[in-house]
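Student: Could you walk me through this protein, one question at a time? I would like to learn how to read it.

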Amino acid sequence: MPFPLKAGYHFHYSHYCRRPNYEMPAAEAYTDFYGLSYMISGDSISYSPEGASVCRAGDISLIPQNLYFRTVNLSGMPREEILIKFTGAMLSDLLKVMEVRSFDELLEGRELTIHLKKAEQQKVLRIMKEMEREWNDYNRYSEIILKGLLNELLVFMFEKSEDMEQTNEGNRTEGRAADATADRKMGKSADNDGPPDKLPEAIAYVKDHLAGSPSLRETAGYIHISPSYLSKIFIAYLHTPYSVFVLNEKILYAQKLLVGTDESMAEIAEKSGFSSNTYFSDCFKRMTGMSPLQFRKEQM
């Protein structure tokens, strides 16, 4: 679950090891920031409305805003990964040089996951180690330094992405075959070119009505499909049951309120769609491993 950035921060660095057979509890999106991950060891598969993608050791990936995805370990191995979260404010200089208006525009048509050779992995790890040192010794100058290191990393990725565009058609065909295999794992046919329009409609309805705890039947009725079909498309395209998705969205919204406001636990529970403060606390701890109060204190 992507914890929101601390108030006043535009960057976050984390280095962690996921247990074997780890999987995200539900699909989620980086709605307020972007992400960049580097896989040191292990592997994973991510499901999204765009399809499925595999990430292995030596892969570096960009995570766009507002793309819902769910990641699970592909093998029984532990997964060691570095994850960087950042807002658009960290990219102002890069966007100016690249002559684009937004990071989303910069990402259009680019490869979002790149496999690095050994020498390239060493370069990326060097930059990330500098980031880690600066993050651990954070002071009023750190964001300026981190901005430079992040931009260096992104420029390197974009140069690699452009190199990949010049690969031969045989490699492209191989990549499409791998995607088709991943699609079959998701239960999708090879000629399925994307999710039904109703899935983003359903997601938008849930996000807009969290306080009312929208049921499967209510959401399906609003977008004019059957509850059974709505349930199927959540499983098929996000590998997440509808009820788990709604709970996850409630917790994500509660996290934003805990970090960005001084509202009481009772107020946050009500706005996030929980029937009581006790139920809110129980669900929050089950999903994040800490109580809402502990979470707020850690983010201060």
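Student: How much of the accessible surface of the protein chain belongs to carbon and sulfur atoms?
Tutor: Good place to begin, and keep in mind that this is a predicted model. The accessible surface of the chain adds up to about 15100 Å². The share that belongs to carbon and sulfur atoms is 51%.

Student: And what percentage of the residues count as buried?
Tutor: The chain has 300 residues, and its secondary structure comes to twelve helices and eight strands. A residue is called buried when its relative accessible area is under 20%. By that cut-off, the buried part of the chain is 48%.

Student: Which element gives the largest share of the largest nonpolar core?
Tutor: Let's start with the core itself: it has 33 residues, and Leu36, Ile60 and Phe103 are among those with the most contacts inside it. Several elements give two or more residues to this core, including strand 1 (11–18), strand 2 (34–41), strand 7 (79–86) and helix 3. The largest share is eight residues, and it comes from helix 4.

Student: Which residues of helix 4 are in contact with Leu36?
Tutor: Here we leave aside the neighbours of Leu36 within four places in sequence. Its contacts then include Ile60, Ile84, Phe86 and Met128. Helix 4 covers residues 142–164, and the contacts of Leu36 that fall in that range are Leu153, Leu154 and Met157.

Student: Why is strand 7 said to be largely enclosed by the rest of the structure?
Tutor: Look at its partners as well as its burial. Eight bridges join strand 1 to strand 7, and these two run antiparallel; seven bridges join strand 2 to strand 7, also antiparallel. Strand 7 is largely enclosed because the buried residues among its eight number seven.

Student: Which residue of strand 7 is the bridge partner of Tyr13?
Tutor: Bridges can be followed residue by residue. For instance, Ser41 stands opposite Glu80 in strand 7. For Tyr13, the bridge partner in strand 7 is Ile84.

Student: How far apart are the end C-alpha atoms of helix 3?
Tutor: Helix 3 runs over residues 118–136, which makes 19 residues. At 1.5 Å a residue, the helix should span 27 Å. The distance between its end C-alpha atoms agrees with that, at 26 Å.

Student: Within what arc do the buried residues of helix 3 fall?
Tutor: The buried residues of helix 3 include Val124, Ile127, Met128, Met131 and Trp135. Seen down the helix axis, they line one face, because the buried residues fall within an arc of 165°.

Student: Which residues are exposed on the other side of helix 3?
Tutor: Exposed means a relative accessible area over 50%. On the side of helix 3 away from the buried residues, the exposed ones are Lys118, Ala119, Gln122, Arg133 and Asn136.

Student: Is Lys160 buried or exposed?
Tutor: Lys160 lies in helix 4. Not counting residues up to four places away in sequence, it touches Ile114 and Glu120. Its relative accessible area is 14%, and the cut-off is under 20%, so Lys160 is buried.

Student: Which helices are included in what covers the buried residues of helix 6?
Tutor: Helix 6 spans residues 198–208, and its buried residues are Leu199, Ala202, Ile203, Tyr205 and Val206. These fall within an arc of 165° seen down the axis, so they line one face of the helix. Their cover includes helix 7 (216–222), helix 8 (227–238) and helix 9 (242–260).

Technical notes. Residues are numbered from 1 along each chain as its sequence is written. This is a predicted model: local features need pLDDT of at least 70, side-chain atom pairs count only at pLDDT 80 or more; totals for chains, interfaces and linings use all residues. Side-chain values use heavy atoms; hydrogens and water are left out. Helices (H or I, at least four residues) and strands (E, at least two) are DSSP runs, numbered from the N terminus. The expected span of a helix is 1.5 Å times one less than its number of residues. Buried means under 20% relative accessible area, exposed over 50%, partly exposed in between (1.4 Å probe, protein chains only). The arc is that of the directions from the helix axis to the C-beta atoms. A nonpolar core is a set of buried Ala, Val, Leu, Ile, Met, Phe, Trp, Tyr and Cys residues joined through side-chain atoms within 4.5 Å. Contact means heavy atoms within 4.5 Å. Two strands pair if DSSP finds at least two bridges between them. Accessible areas come from the Shrake-Rupley method with a 1.4 Å probe; for residues, only the protein chains shown count as cover.
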